[in-house]
Amino acid sequence: MAEKKYILYLLDADKWASPFDINVAYDAGFDVVIPYGSVTAETIRTLVEDAMFSRGLDGAQRTKIFLNGSDLNVVRDMLKTARKSMVTPFDLSIFVDPRGGYTTGSAMVAQVEAYLNKIGKTSFEGLKVVVFGGTGPVGQVVSVLCAQNGAEVVLLSRRQEKAERIAGELKELYKVDLIPKANGDDPQRVETCKDADIIFTCGTAGIQLVSLNVLKQLPKNKILADVNAVPPLGIEGINVNKKNKEHPEVPGLYYHGALSVGSVKLKVEKKGLKALMTAEGKKTFDFVDFFDTARKVYAKKKAKKAEKQKA
Ligand SMILES: NC(=O)c1ccc[n+]([C@@H]2O[C@H](COP(=O)([O-])OP(=O)(O)OC[C@H]3O[C@@H](n4cnc5c(N)ncnc54)[C@H](OP(=O)(O)O)[C@@H]3O)[C@@H](O)[C@H]2O)c1
């Protein structure tokens, strides 16, 4: 009898499942990718049960779930219900990457970590990190990963109450202490950023969060990392494609442009989906796994570069 196909159910809380993720899943090796939109924490139970019980044990082993959606709390609730709906030994493995935020945030933090030597550092331990747009999917992942790796993290929002609510949720979920703060105006942004080692801008597309006026008032020796590739960029005056470059108008500040992380994000998602195909049991892949993969990608890149320089 022919071997059963690898099937991925892409369950999205938003109206449409993303063509980006469908394409990457096929490129990773899935035979069939089936997208569902407008899935909720209630409707996911039936979908998971029907996917789990319909193919026998060997079929369940080749049936996987991808959770998506722009509201992280809805996706977290979907994950909880999906996990509760599993019946051993039919458990299905799950991949969580809400609107690409988990893979993108992980790749971004790994990229900054790989080039910390630019400011004379080797790890996040003891560094001060400021995250503009810290309430979105990318910003939340960036904040949590930096805090888990020993940084003091200021999570910024336009509204103080929203920053506090999100920091509270992340403390409950991941046991991290984040400092919630409002963006404020330029003088307040200078005050927040002046003793930071790293400034991430994870705001929505097309919104500038750090102006040249702010940058020019900051002490030197900082890393800036932007994830918004749509002009105006999150940080004024940088090149969206470049990484680990000195800001052309503010010497001593080094930046990573939004598109410089794109190829690693894609690699991390594809490697994660490949691992999902053969994962056993109720394994959940999330940003902790993606960060680990992204770190390995950068370590390999650096080793290759060092090898080239030696030759
Ligand atoms: N390269 C990639 O592969 C990739 C993948 C995913 C996302 N991205 C990019 O990463 C960025 C973040 O994505 P995301 O999904 O986390 O973003 P998001 O949810 O759209 O926005 C992030 C935060 O931006 C803030 N914001 C929204 N409108 C704003 C405005 N008018 N002025 C100032 N702040 C505003 C909001 O925070 P407050 O309401 O708390 O202020 C929001 O939580 C986006 O630019 C996106 O395009 C890139």
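This is a walk through a predicted model, one selection at a time.

**Stop 1: strand 3**

Start by selecting residues 63-68, which make up strand 3. Is this strand mostly covered or mostly open? Covered: 6 of its 6 residues are buried. Turn on the side chains and you'll see T63, I65 and L67 pointing one way, with K64, F66 and N68 pointing the other, and all of them buried.

Now bring in the neighbours. Add residues 7-12, strand 1, which runs parallel to strand 3 and is joined to it by 6 bridges. If you want a spot to zoom in on, pick L8, which stands opposite K64 of strand 3. Next add residues 94-96, which are strand 4; this one also runs parallel to strand 3, with 3 bridges between them. Here, L67 has V96 of strand 4 as its bridge partner. To see how the chain gets from strand 3 to strand 4, show residues 72-85: the path goes through helix 4, and this β-α-β crossover is right-handed.

**Stop 2: aromatic rings**

Switch to the Phe, Tyr and Trp side chains. How many aromatic pairs does the structure hold? There are 7. Select Y9 and Y36 for a tilted pair, with 6.3 Å from centre to centre and 45° between the planes. Y9 sits in strand 1 and Y36 in strand 2 (residues 32-36), so you are looking at a link between distant parts of the chain, 27 residues apart. Are these two rings' residues buried or partly exposed? Y9 has a relative accessible area of 18% and is buried, while Y36, at 33%, is partly exposed.

Move on to F53 and F90. This pair is edge-to-face, at 5.5 Å between centres and 70° between planes. F53 belongs to helix 2 (residues 44-53) and F90 to the loop between helix 4 and strand 4, so the pair ties together parts that are 37 residues apart in sequence. Both residues get a partly exposed label: F53 at 44% relative accessibility and F90 with a relative accessible area of 22%.

Before leaving the rings, select F66, F95, F285 and F290 together, as they form one aromatic cluster. You have met F66 already, as one of the buried residues of strand 3.

**Stop 3: the other sheet**

Colour the strands and look for the open sheet of 7 strands in the order 7-6-5-8-9-11-10, with mixed pairing. Which strands stand at the edges? Strand 7 (178-182) and strand 10 (245-246) do; each has a single partner strand, so one side of each is left without a neighbour in the sheet. Zoom in on the strand 7 end, where strand 6 and strand 7 pair in the parallel sense over 5 bridges. One contact to click on is S157, whose bridge partner in strand 7 is A182.

**Stop 4: the pockets**

Put a surface on. The largest pocket has a volume of about 420 Å³. To centre your view, select G133, T135, C202, G203 and T204, the closest to its centre of the 19 lining residues. The elements giving two or more residues to this lining are helix 6 (137-148) and strand 6 (152-157), the latter being the strand you just saw paired with strand 7. By class, the lining has 7 nonpolar, 8 polar and 4 charged residues.

For the second largest pocket, with about 290 Å³ of space, centre on R76, L79, R83, L173 and Y174, which lie nearest its centre among 13 lining residues. Helix 4 and helix 7 (160-174) each supply at least two residues of the lining. Which helix gives the most? That is helix 4, with 7 residues, the helix you followed from strand 3 to strand 4. The lining divides into 6 nonpolar, 2 polar and 5 charged residues.

**Stop 5: the cavity**

Finish inside. A search of the whole structure turns up 1 cavity of 30 Å³ or more, holding about 30 Å³ of space. Select M108, Q111, D226, H256, G257, S260 and V261 to show its lining. Colour these residues by class and you get 2 nonpolar, 4 polar and 1 charged.

Technical notes. Residues numbered from 1 in each chain as written. Predicted model: local features only at pLDDT ≥ 70, side-chain atom pairs only at ≥ 80, totals over all residues. Heavy atoms only, no water. 1 Å grid on protein atoms, 1.4 Å probe; cavity = no way out; pocket = protein on both sides within 12 Å on 5 of 7 lines; lining within 4 Å. Points joined across faces, edges and corners; volume = space filled by probe spheres on them. Nonpolar A, V, L, I, M, F, W, Y, C, P; charged D, E, K, R; others polar. Buried < 20%, exposed > 50% of the residue type's maximum accessible area, 1.4 Å probe, protein only. Helix = DSSP H or I, 4+ residues; strand = E, 2+ residues; numbered from the N terminus. Pairing = 2+ DSSP bridges. Right-handed = clockwise from strand over helix to strand, strands pointing away. Phe/Tyr/Trp six-rings, centres within 6.5 Å; stacked < 30°, edge-to-face > 60°.
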